[in-house]
Amino acid sequence: MRRRAVLAATFALLAGPAFAQSATDPVDTVRAFYVADDINAVRFYARSLRALYERDRREAKGEVGRLGFAFPVNGQDTEPDFARSLTLARLPGEGDRAEVRATFRNGGPQELRYVLLREDGAWKIANVRSLKGETWDLVALLSAPLQ
């Protein structure tokens, strides 16, 4: 619980006014997702990712489902200076699809790529991929059979 409070306070300082999905800037949406500090914050997920996530929760029946880690930090816990090391950058994209690179230190250098889609006038997270440390693809993890 203390980790959540520290992360929320740190992210609040970093986030400025970005506390919700943005209609114009996908980076603001990813920043707000980090501020929320909750993988259950499905309001940030595109319809397709939300459906996979909710299916996983139903099938897991209160147990650990397909995700045994906190994907936004690529681990179970966070290093003390995690929030200070987080940088977000929009990558080239066009139309209703965007990509945001998140780099940070957590058990070593990490790089996540957030794929966002514009749905109902707001940017929503459609997938996340880890490119450093332990690599994974969130849609692929959530689409795999429950073990």
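When I speak of a contact this morning, I mean heavy atoms within 4.5 Å, and with that in mind let me start from one residue, Y114, in what is a predicted model. Leaving out residues up to four places away in sequence, Y114 touches V30, F33, Y34, P72, A98, E99, V100, A102, I125, N127 and V128. Y114 is also one of the residues with the most contacts inside the largest nonpolar core, along with Y34, F71 and I125, and that core has 32 residues. Several elements, namely α2 (26-36), α3, α4, β2 (97-105), β3, β4 and α5 (138-143), each supply at least two residues of the core, and α2 gives the most, with five. As a general point, nonpolar side chains tend to be buried together in soluble globular proteins.

Before going further, a word on confidence. The average pLDDT of the chain is 86, and 84% of the residues score at least 70. Residues 1-19 are the stretch to treat with caution, since pLDDT stays under 50 there, although the model has 27 contacts beyond four places in sequence for them. Where pLDDT is low, the predicted coordinates should not be read in detail.

Now the overall layout. The chain has five helices and five strands, and from the N terminus the elements run α-α-α-α-β-β-β-β-β-α. Of its 147 residues, 43% count as buried, and the chain exposes about 7,900 Å², of which carbon and sulfur atoms supply 51%. Among contacts between residues at least 6 apart in sequence, 49% join residues at least 24 apart.

Let me turn to the sheet. The five strands form an open sheet in the order β1-β2-β3-β4-β5, with antiparallel pairing. The edges are taken by β1 (87-91) and β5 (136-137), each of which has a single partner strand, so one side of each is left without a neighbour in the sheet. Walking across, β1 and β2 pair over five bridges, with T87 opposite T103 in β2, and these two strands form a hairpin with five residues between them, where G95 in the turn has a positive phi of about 65 degrees. The next pair, β2 and β3, is joined by nine bridges, and here T103 appears again, standing opposite E111 in β3. The hairpin of β2 and β3 has three residues between the strands, and G107 in that hairpin takes a positive phi near 70 degrees. At the far side, β4 (residues 122-130) pairs with β5 over two bridges, and W136 in β5 is the bridge partner of S130.

Which residues other than glycine have a positive phi? N74 is one of them, with phi near 50 degrees, and D120 is another, at about 50 degrees. Their settings can be set side by side: N74 lies in the loop between α3 (47-60) and α4 (82-85) and is buried, with a relative accessible area of 11%, whereas D120 lies in the loop between β3 (109-119) and β4 and is exposed, at 73%.

The loop that holds N74 also contains L67, which is buried, with a relative accessible area of 12%. Neighbours within four places aside, L67 is in contact with Y53, D56, L138, L141 and L142. L67 and L146 are 79 residues apart in sequence, yet their C-alpha atoms are 9.9 Å apart in space.

That brings me to the charged side chains, where the count comes to twelve salt bridges. D56, which we just met as a contact of L67, forms a salt bridge with R66, the closest N and O atoms being 2.9 Å apart. Because D56 lies in helix α3 and R66 in the loop between α3 and α4, the pair ties together parts that are ten residues apart in sequence. Both partners are buried, D56 with a relative accessible area of 5% and R66 at 13%. R66 also forms a salt bridge with E59, at 2.5 Å between the closest N and O atoms, and E59 is partly exposed, at 35%.

A further salt bridge joins D81 and R84, at 2.6 Å from N to O, with D81 partly exposed at 45% relative accessible area and R84 exposed at 67%. Finally, salt bridges that share partners join R97, E99, E111, R113 and R129 into one network; of these, E111 is the residue that stands opposite T103, and E99 is among the residues that Y114 touches, which brings us back to where I began.

How values were computed
Residues are numbered from 1 along each chain as its sequence is written. This is a predicted model: local features need pLDDT of at least 70, side-chain atom pairs count only at pLDDT 80 or more; totals for chains, interfaces and linings use all residues. Side-chain values use heavy atoms; hydrogens and water are left out. Two strands pair if DSSP finds at least two bridges between them. Helices (H or I, at least four residues) and strands (E, at least two) are DSSP runs, numbered from the N terminus. Buried means under 20% relative accessible area, exposed over 50%, partly exposed in between (1.4 Å probe, protein chains only). A nonpolar core is a set of buried Ala, Val, Leu, Ile, Met, Phe, Trp, Tyr and Cys residues joined through side-chain atoms within 4.5 Å. pLDDT is the predictor's confidence in each residue, from 0 to 100. Accessible areas come from the Shrake-Rupley method with a 1.4 Å probe; for residues, only the protein chains shown count as cover. A salt bridge is a side-chain nitrogen of Lys or Arg within 4 Å of a carboxyl oxygen of Asp or Glu.
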